[in-house]
Amino acid sequence: MTGSEGPLAAKAREILIRDEAPQDFDAVRVLVAEAFGGRPYSNRREHLLVDALRDAGAMTLALVAEDRGEVVGHVAFSPVRIDGRLRGWYGLGPLAVLPDRQGEGIGQALVRAGLARLAPLGARGCVLLGDPAFYGRFGFAVQPQLRLDGVPPEYFMALALDGLVPAGTVAYHAAFSEGT
Ligand SMILES: CC(C)(COP(=O)(O)OP(=O)(O)OC[C@H]1O[C@@H](n2cnc3c(N)ncnc32)[C@H](O)[C@@H]1OP(=O)(O)O)[C@@H](O)C(=O)NCCC(=O)NCCS
């Protein structure tokens, strides 16, 4: 580590990013609810979505950020369909960091670790619904040929891990739309 990384990187490097484990489930539920609480784009059910994805066996990858034994962040990835077919693409989300730990680089660390873990699983790409100001730094970009119905297109972004962005309409796992 060099002195040029700044205070955010300095704080974030004390954080352990690891696979979630059963003993994390309760803390994850609380942190996701707290992170999304009060956000205008929240449906106040994101914490239930995490449980539903897990219960459905659809959480391909779930990572937690742990700081001295406390779970302070979480990210989930689940398979998406493109024009009805599974094509090795995944949806990132929800992503959550405890409110009083936001702005320390934890969210970025979770995204980067998750993407690094997806590729060896055979993933060809990842999509998400989020703010381009945050996700653009990882290479996510709006790709007009890849659509998600019913959302503002400027917030639906994709990152091809094999360099190829397919065309089609994306569908997240049913847990995202089942009013979990
Ligand atoms: C979004 C979230 C996961 C980011 O995690 P974080 O640990 O706070 O983010 P980091 O510290 O790694 O990154 C901070 C950077 O992201 C930016 N950022 C954080 N949240 C942002 C948001 N909602 N929109 C745009 N930019 C955001 C910060 O401005 C900062 O930018 P900078 O590096 O250019 O200064 C966290 O704020 C959170 O849990 N928010 C509530 C839940 C949520 O919105 N989840 C994402 C839904 S897609």
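This report walks through the cores, one buried serine, the main pocket and some salt bridges of a predicted model.

## The nonpolar cores

Let's start inside. The largest nonpolar core is made of 42 residues. Leu-92, Leu-115, Leu-118, Tyr-135 and Phe-140 are the ones with the most contacts inside this core. A mix of helices and strands feeds into the core: helices H2 (25–36), H3 (46–55) and H4 (106–118) each give two or more residues, and so do strands E2 (61–67), E3, E4 (85–97), E5 (125–129) and E7 (156–160). There is also a second, separate core of ten residues, with Ile-82, Leu-146, Leu-148 and Tyr-172 among them. As background, nonpolar side chains in soluble globular proteins tend to be buried together.

Leu-115 is a handy residue to click on if you want to see the big core from within. Setting aside residues up to four places away in sequence, Leu-115 touches Phe-77, Cys-126, Phe-138, Phe-140 and Leu-159. Phe-140 is itself on the list of residues with the most contacts inside the largest core.

## A buried serine in E3

Now for a polar residue. Ser-78 sits in strand E3, which runs over residues 70–82. Is Ser-78 buried or exposed? Its relative accessible area is 0%, and the cut-off for buried is under 20%, so Ser-78 counts as buried.

What is Ser-78 in contact with, once neighbours within four places in sequence are left aside? The partners are Leu-53, Ala-58, Thr-60, Tyr-90, Gly-91 and Phe-176.

## The largest pocket

The largest pocket has a volume of about 1300 Å³, and 41 residues line it. If you want to find its centre on screen, look for Phe-36, Tyr-41, Leu-95, Leu-129 and Tyr-135, the lining residues that lie nearest to it. Tyr-135 has turned up before, as one of the residues with the most contacts inside the largest core.

Which element gives the most to the lining of this pocket? That would be E4, with six residues. H2, H3, H4 and helix H5 (132–135) also supply at least two residues each. Sorted by class, the lining has 21 nonpolar, 13 polar and seven charged residues.

## Salt bridges

Across the whole structure there are eleven salt bridges. In one of them, the side chains of Arg-18 and Asp-24 meet at 2.8 Å, N to O. Arg-18 is partly exposed at 22% relative accessibility, while Asp-24 is buried at 4%.

Glu-20 and Arg-54 form another salt bridge, with their closest N and O atoms 2.8 Å apart. This pair ties together distant parts of the chain: Glu-20 is in the loop between strand E1 (16–19) and H2, Arg-54 is in helix H3, and 34 residues separate them. Glu-20 and Arg-54 are both buried.

A more local case is Asp-26 with Arg-29, whose side chains meet in a salt bridge at 3.0 Å, N to O. Both belong to helix H2 and are three residues apart, about one turn of the helix. Asp-26 is exposed, at 52% relative accessibility, whereas Arg-29 is partly exposed, at 29%. Salt bridges that share partners join Asp-26 and Arg-29 with Glu-20, Asp-51 and Arg-54 into one network.

Definitions and conventions. Residues numbered from 1 in each chain as written. Predicted model: local features only at pLDDT ≥ 70, side-chain atom pairs only at ≥ 80, totals over all residues. Heavy atoms only, no water. Helix = DSSP H or I, 4+ residues; strand = E, 2+ residues; numbered from the N terminus. Buried < 20%, exposed > 50% of the residue type's maximum accessible area, 1.4 Å probe, protein only. Contact = heavy atoms within 4.5 Å. Core = buried A, V, L, I, M, F, W, Y, C linked by side-chain atoms within 4.5 Å. 1 Å grid on protein atoms, 1.4 Å probe; cavity = no way out; pocket = protein on both sides within 12 Å on 5 of 7 lines; lining within 4 Å. Points joined across faces, edges and corners; volume = space filled by probe spheres on them. Nonpolar A, V, L, I, M, F, W, Y, C, P; charged D, E, K, R; others polar. Salt bridge = Lys/Arg side-chain N within 4 Å of Asp/Glu carboxyl O.
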